[in-house]
Amino acid sequence: MTDATLQMPALKGRVAFIFDEVDFDVDQIVGVKNIKITDVAELAQLAMQSYDPDFAKAVRPGDLLVGAGNFGYGHPHYPPMKAMRHLGVAGVIAESFSPGYWRGEVSMGFPQVSCPGILGFVRRWDEIEVDWTAGVIRNHSQATEIPFEPLPQADAEMIEAGGLVPFLKRQAAQQREHKDHAHVPGNLQAI
């Protein structure tokens, strides 16, 4: 595991929903007709209406979503996952992710975990934990564990920092600090 993942707290929560459709377009979470709504509280109330009308009442902070292959397929729009974060969803674990979706959500600091085999490993409402240090997902409800694919270093650092902007600010501060501490030789005068 990377240094950044060692600092990331484990994700612990229930499996709030399992999207078993390959190439799932996250726009379906709020409905394509609602994708331009900017009020996150309104989006959160619309979330999952076609899948589970009681989802907003049932989900708890720390809960996780599970998805099939190429999760997030389609045009990467941020409103659906903003609604999920507003409801307390802490991250997504999927068999694999659409690259555009992955990049967008990681840049928002939203944990994404690629774990081939996750669909057969969990049931809805199972209590699970993503242990970044050990590189495993533990299903506490079933007393089992499964390894997940390690995060690329930059992605781990971006998630740990809270997103792209805090990541870039941290890097800039580190570069300034390094520059300030670098030895600058004095001017030598010719004799």
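Which residues of α5 are buried? I started there and found Y101, W102, G104, E105, V106 and S107 buried in α5. I note for all entries that this is a predicted model.

**Entry 1: the whole protein**

I looked up the overall make-up next. The secondary structure comes to eight helices and seven strands. Along the principal axes, the C-alpha atoms fill a box of roughly 85 × 40 × 25 Å. The protein has 191 residues, and I noted that 45% of them are buried. I also looked at contacts between residues at least 6 apart in sequence; 67% of these join residues at least 24 apart.

**Entry 2: α5 and its neighbour α7**

I returned to α5, which covers residues 99-107, and looked at how it packs with helix α7, residues 153-161. Two packed helices are described by the angle between their axes and the distance between the axes. For this pair I wrote down an angle of about 40° and axes 8 Å apart. An angle between 35 and 65 degrees is neither roughly parallel nor roughly perpendicular, and α5 and α7 are therefore oblique to each other. On the α5 side, W102, R103, V106 and S107 make the contact; on the α7 side, D155, M158 and I159 do. I sorted the residues of this contact into four nonpolar, one polar and two charged. Just after α5 comes G109, with a positive phi of about 80°.

**Entry 3: the core**

I then looked for the largest nonpolar core, which has 51 residues. Which members touch the most others? They are I29, L65, I93 and I137. Strand β1, residues 11-19, gives the most to this core, with five residues.

I followed L65 further, leaving aside its neighbours within four places in sequence. L65 is in contact with A16, F17, F19, F55, M81, M84, V89, G91, V92 and I93.

G91 is on that list, and I checked it from its own side. G91 is found in strand β3. Its relative accessible area is 0%, so G91 is buried. Not counting neighbours within four places in sequence, G91 is in contact with D63, L64, L65, F110 and P111. I also took the separation of the C-alpha atoms of G91 and L151, which are 60 residues apart along the chain, and got 14 Å.

**Entry 4: helix α4**

M81 and M84, both in contact with L65, are also among the buried residues of helix α4, residues 79-87. The full set of buried residues in α4 is P79, P80, M81, A83, M84 and L87. What do the buried residues of α4 pack against? I listed α2 (40-46), α3 (55-58), β2 (64-67), β3 (91-94) and α5. Just after α4, G88 takes a positive phi of about 105°.

**Entry 5: strand β5 and its partners**

I looked at strand β5, residues 127-131, and found four of its five residues buried, so the strand is largely enclosed by the rest of the structure. β5 pairs with β1 in the antiparallel sense over four bridges. In this part, K12 stands opposite E129 of β5. β5 also pairs with strand β6, residues 136-139, in the antiparallel sense over four bridges. There I128 has N139 of β6 as its bridge partner. The hairpin of β5 and β6 has four residues between the strands, and in it G135 takes a positive phi near 70°.

**Entry 6: positive phi outside glycine**

Most residues other than glycine have a negative phi, and most peptide bonds are trans. I wrote down two residues that go the other way in phi. N70 has a positive phi near 55° and is not glycine. N70 is found in the loop between β2 and α4. Its relative accessibility is 21%, so N70 counts as partly exposed; the cut-off for buried is under 20%.

A143 also has a positive phi near 55°. A143 is found in the loop between β6 and β7 (144-147). Is A143 buried or exposed? A143 has a relative accessible area of 71% and is therefore exposed.

**Entry 7: S98**

I last looked up S98, in the loop between β3 and α5. S98 is buried because its relative accessible area is 8%. Not counting residues up to four places away in sequence, S98 touches N70, F71, G72 and Y73. This brought me back to N70, the residue with positive phi in the loop between β2 and α4.

Note on methods
Residues numbered from 1 in each chain as written. Predicted model: local features only at pLDDT ≥ 70, side-chain atom pairs only at ≥ 80, totals over all residues. Heavy atoms only, no water. Core = buried A, V, L, I, M, F, W, Y, C linked by side-chain atoms within 4.5 Å. Buried < 20%, exposed > 50% of the residue type's maximum accessible area, 1.4 Å probe, protein only. Helix = DSSP H or I, 4+ residues; strand = E, 2+ residues; numbered from the N terminus. Contact = heavy atoms within 4.5 Å. Axes fitted to C-alpha atoms, helices over the stretch in contact; angles between N-to-C directions. Parallel < 35°, antiparallel > 145°, perpendicular 65-115°, else oblique. Nonpolar A, V, L, I, M, F, W, Y, C, P; charged D, E, K, R; others polar. Pairing = 2+ DSSP bridges.
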